[in-house]
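The following exercises concern local backbone and side-chain features. Each task is followed by a solution in steps.

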Amino acid sequence: MGILLATRADPATRGAAKTEAYLTQPMAWMQGTGNWLRGIIHVRATLNLEGFTLEQGELAPGMYGEGYIDRRHPHTFVHELMLSLEQAVGPLRWSVAAGKGFAPFGSDDPMSRPFVKYPINHHLAQILERAIAVVAVRIGPLALEGARFNGDEPEGPYDWPNRSRIGDSWSIRGTAWLRPGTELTASTARVASPEDAGGYGLDHRQSHLALRLGTEGSTGANPYLLVEGARTDMFGDGRLAFRFNSLLAEASAALGSVTGAVRFERTTRPDEQRLADVFRSPRPLLDFGIEGRSRWDAVSIALSSRASIGMRATLEPFGEVQFSRVRPTIRPTVFEPRDFYGSDRLWLASVGIRAGVPHGHRRVGRYGVARP
Amino acid sequence: MRHGTRPGRSIRTRDGRSGTTAHLMWAADRFVTRLRPLSLGGALVLSLARCDSADLTEPAPLEPGPTVPGQLTVAGLGAVPDRYTAEVWVVGTHAYTSTWGRRGPAQTPGNMLYIWDVTVAAPRLVDSLLVDSSASTLGDVQASDDGRLLVVPTELDPGSIVIFDLADPVRPRLLARYRSPAITRGVHTCELARVNGVLYAFLSVNRGSSHASRLIVVNLSDPAQPRSVLERDMGEPFIHDVFVRDGILFTALWDGGTNIWDLGGAGRGGSVANPILLGNVRTVAGNAHNVWWYRDGRTGQHRYAFVGEEGPASTGASSSGDVHVVDVTDLTNPREVAVFGVPGAGTHNFTVDEARGILYAAYYNGGVQALDVRGDLGSCTVAQQRSDSRCDLTLMGRLLATGLLDQNKPVFVWGVHFSGDALYASDMLNGLWKLTPISR
C-alpha cells in the first residue's frame with residue numbers, strides 16, 4: 001500500500017507556508033501462520049520504503065523525533081520482522097515472539113489508525129523498530145506482555161538496532177478486553193538512552209494508559225474511539241531532567257463508504273537545537289540539553305471515501321485539516337514559537353489517495369496471544 | 001476557561017485562551033467528559049486529567065541556598081538583544097564575546113563576534129565581526145597569553161577555527177582559517193596554551209556521523225599557517241574542553257571523566273604530539289564539561305582541579321550540574337574530595353582569581369557564584385559532608401557571593417572572565433555584564 005499525499009503547512013516557518021507532495025507510507029507486508037511444536041507459529045514482516053520516498057521527512061508541525069522536527073521521520077526499511085510461537089496450557093495461552101518490531105507499550109501504530117497524519121505524541125505513545133523479545137500470557141479477557149529490547153532509536157532508514165544495546169530496555173503492557181470491542185491498556189517502559197545510540201543520553205521512563213472502543217470489521221473498527229494519556233520522564237544520572245505529557249482522543253465512524261474522523265491532542269514536546277535545515281536536529285547529539293518545551297493543542301478532522309477496485313485493491317481519497325496552537329511552557333525560552341513560525345496558530349491541510357488492499361487497516365504492534 | 005474533566009476542580013489555562021481554538025478544545029473536553037459514565041473509562045479520563053494538569057507545572061524556581069555573605073556589585077551591562085551571547089574573553093581594554101544559536105523572528109544566527117570597550121562601567125560595543133556566514137554558533141573565544149592572537153571556533157558543519165591578529169584590538173584581522181577532514185560537525189571549544197614556549201590551539205571536535213569526537217592540537221607558531229600535530233579520538237561520548245598548564249593537559253571527557261596527560265611537564269616522556277596518560281577521575285554524575293587546574297597564589301601549590309559538570313538544561317530557563325573538586329596532588333591518582341552545587345541551577349565555565357583564591361563560576365540561571373578555594377578543601381566536619389562523604393563547599397561556608405541574581409531579570413550566564421581589576425560575565429539572554437570582583 002501507499003499514500004499519494006499533498007500537504008500544506010501554513011505557516012511552516014517564519015510566517016511562510018510550505019506545500020509539498022510525496023508518496024508516504026509505501027509498504028508491503030506478509031504474514032503467515034502454521035503449526036509447530038503443537039503450537040501456532042506466526043510470522044509477520046513489514047517492509048517500509050519511506051527511506052526512498054520521504055528522506056526529507058513529511059511536513060507535520062509539532063512532530064519530532066529521530067533527528068526531525070516539525071516533520072515526521074521516515075521509518076526503517078525493515079519496519080517489522082517478527083516470529084511468534086503460541087501455545088496453550090488449559091485456560092492459559094502464552095506466546096514468545098522475537099525479531100524486530102514494536103515494544104509492548106502504548107497504542108497502535110498511527111499508520112493503522114484513521115488519520116494519515118501522525119499525532120504529535122508518536123514518540124510518547126509508541127516504541128517501535130527495536131530488536132525485541134516478547135513474552136505474553138493471556139487468560140480469558142486479560143493479557144500481559146513483557147519485553148526486552150534495545151533502547152536506541154533508529155538514526156535513519158538504513159539503521160539497525162545496535163548490537164551492544166540489545167536488551168538494555170524493557171516494557172510491560174497489560175490489556176483487559178472488558179467486552180468485545182472495548183479494550184483498556186496500561187503500560188510502562190524503561191528505555192535506555194533512546195536518542196543517543198552510544199547509550200550516553202537521557203534515559204526515558206514512559207507510562208501510558210488507553211481506552212479503545214471498536215470492533216474490527218472488514219475495513220477496520222467502525223465506530224472507533226481511542227482515548228490515551230502518555231508521559232515520558234527523562235532522567236540523567238538518575239535525576240529527573242524533563243517531563244513530557246500527552247492527552248489524545250480520536251474517533252471515527254463510517255457511513256456507507258464515507259468515513260469521518262476527529263482528533264484532539266494536547267502534547268508537550270522538547271524543542272531541540274535545529275540545524276541549517278531547520279527541520280532537522282543534530283544526531284548524534286552534541287549535548288543533552290533542550291532549547292525549550294512547548295505545548296501543542298491540536299484539533300484534526302478527516303474525511304475519506306473508500307472504493308474497491310476488484311477484489312484485490314482499494315482506493316481511498318481523503319482530506320485532513322489540522323489546527324494547532326503552540327506556546328512555550330517554560331520561560332525564558334530559546335525556542336519562541338511565534339518567532340520561529342511567525343505565529344502560534346498553525347494550519348495543516350492534506351489531501352491525497354490511499355491505495356491499499358482489503359483489510360489493510362488491521363491493527364499493528366502486537367504479537368502472539370496479545371493480538372486482539 | 002474551565003475544563004470539565006473533574007467536577008468541582010478546574011484546570012486553569014495560563015493564557016486565558018479564547019476564540020475558535022477554545023471552543024474546539026471545549027468541545028473536545030466535553031467529548032472526553034461524556035466518557036465518564038463508563039466506570040473504567042471515567043477512571044482513565046480522570047487519570048489523564050491528572051496527567052495533563054501535571055504538565056501545567058513550571059520548573060522549580062531557583063532555590064535559595066544558605067545565607068550568602070554578599071552580592072557582587074554590578075558596574076554595568078552591554079546589551080545584546082539580537083543574538084544569544086556565548087563566551088567572553090578580555091584583553092586589556094577590550095572584551096570579545098561570541099554568539100550562539102538562532103534568536104528572534106529573524107532567527108539571527110550566532111556567527112558574530114562582538115568587540116567591546118571595557119574601560120567604562122557599562123561595556124560599550126565598538127564593532128562586530130562576521131566570523132563565518134555559514135556558522136550558527138561560535139561557542140568559544142580566547143586570546144593568546146601575549147594578547148596578539150584571537151581564536152574563535154565555529155559550529156556546526158563543517159566547522160573550523162578562525163585565527164585573528166589583534167594588532168588593532170578593535171579590528172581583528174583575519175590571519176587564517178583552520179579546517180580539516182577530521183572536523184565535520186564543528187569545533188565545540190578551543191583553548192590556547194603554550195607548551196615549551198610554543199603556542200598551540202587545543203580543539204575539542206564534535207563527533208560526526210562518521211567519526212568519534214576527538215582532540216586536535218594545532219601548532220600556531222606561524223598563525224597564518226596553522227598545522228595539526230595531534231588528532232586523537234576521545235570522550236564518552238565526546239571531549240568537551242581542556243585545560244593546559246605547565247606541560248600538563250586535562251581533558252574533560254563527559255561520562256569518561258577527566259583525564260590527565262603528560263605533555264612534557266610531568267617528565268613521563270609525553271609531548272604535545274604524543275600525550276602520555278597519567279590518571280583519570282570520574283567525578284560523580286559524569287558530564288565532565290570543563291576543568292581548571294588551580295594554582296594557589298600564596299603557596300604556589302597545584303593541589304586541586306575544579307571540574308564543571310553540565311547536566312541537562314533547558315537553555316535560558318533551567319540548568320543542572322555541580323562544581324567538583326578533585327585532589328590532584330598525585331596526578332596519577334586523582335580523587336574527588338568536595339563538591340559545590342546550587343539547587344535549581346547548574347554550572348558552566350570558570351575563571352579563577354588565583355592571587356586571592358576565588359573561583360568565579362558561571363552558573364546559567366544561577367548567575368555567578370564566587371567560591372573561596374584557598375586552603376584545604378578536602379577536610380571538613382561530618383556536618384559539612386554530603387551523604388557520600390564528599391565535603392560540601394556550601395556547608396563549609398566557602399560561598400563568598402553571588403552575582404546577577406539581583407537584576408530583576410532572568411539571566412543565563414555562559415562564561416566569566418577575571419581580568420585583574422574586573423569580572424566579566426557573558427549572559428546568553430542579556431549580553432556582557434561588568435562586575436566588581438571580590439577583594440581580600
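## Exercises with worked solutions

**Exercise 1.** Identify the residue that stands opposite V205(B) in β15(B), and place both strands in their sheet.

*Solution.* V205(B) faces R214(B) of β15(B). The model is predicted, so local features need pLDDT of at least 70 and side-chain atom pairs count only at pLDDT 80 or more, while totals for chains, interfaces and linings use all residues. Residues are numbered from 1 along each chain as its sequence is written, chains are lettered from A and ligands numbered from 1 in the order in which they are written, and side-chain values use heavy atoms, with hydrogens and water left out.

Step 1: Strands are DSSP runs (E, at least two residues), numbered from the N terminus, and helices are runs of H or I with at least four. Two strands pair if DSSP finds at least two bridges between them. By this rule, β14 (residues 198–205) and β15 (residues 214–219) of chain B are antiparallel partners over 6 bridges.

Step 2: The wider arrangement is an open sheet of 4 strands in chain B, ordered β13-β14-β15-β16, with antiparallel pairing. At its edges stand β13 (187–195) and β16 (227–233) of chain B; each has a single partner strand, so one side of each lacks a neighbour in the sheet. Neighbouring strands are turned by 20° against each other on average, direction ignored; axes here are lines fitted to C-alpha atoms, for helices over the stretch in contact, and angles run from 0 to 180 degrees between N-to-C directions.

**Exercise 2.** Describe the burial and the partners of β26(B).

*Solution.* Step 1: Burial is assigned from relative accessible area (buried under 20%, exposed over 50%, partly exposed in between; 1.4 Å probe, protein chains only). In β26 (residues 358–362) of chain B, 5 of its 5 residues are buried.

Step 2: In a regular strand, side chains alternate between the two faces of the sheet. Here I358(B), Y360(B) and A362(B) point one way, whereas L359(B) and A361(B) point the other way, and all are buried.

Step 3: With β25 (residues 350–353) of chain B, β26(B) pairs in the antiparallel sense over 4 bridges; T351(B) has Y360(B) as its bridge partner. The hairpin of these two strands has 4 residues between them, and G357(B) in the turn has a positive phi of about 70°.

Step 4: With β27 (residues 368–372) of chain B, β26(B) pairs in the antiparallel sense over 5 bridges, and A362(B) is matched with V368(B). This hairpin has 5 residues between its strands; Y364(B) in the turn has a positive phi of about 45°.

**Exercise 3.** Locate the cis peptide bonds that precede P223(A) and L156(B).

*Solution.* Step 1: The bond from N222(A) to P223(A) is cis, with omega near -5°. P223(A) belongs to the loop between β15 (220–221) and β16 (224–236) of chain A.

Step 2: E155(B) and L156(B) are joined by a cis peptide bond with omega of about -5°. L156(B) lies in the loop between β10 (149–154) and β11 (160–165) of chain B.

**Exercise 4.** Characterise the disulfide of C380(B) and C391(B).

*Solution.* Step 1: A disulfide is a pair of cysteine sulfur atoms within 2.5 Å. The sulfur atoms of C380(B) and C391(B) are 2.1 Å apart, and the count over all chains is 1 disulfide.

Step 2: C380(B) lies in the loop between β27 and β28 (391–392) of chain B, and C391(B) in strand β28, 11 residues apart.

Step 3: The link is left-handed, with -90° about the S-S bond. Both cysteines, C380(B) and C391(B), are buried.
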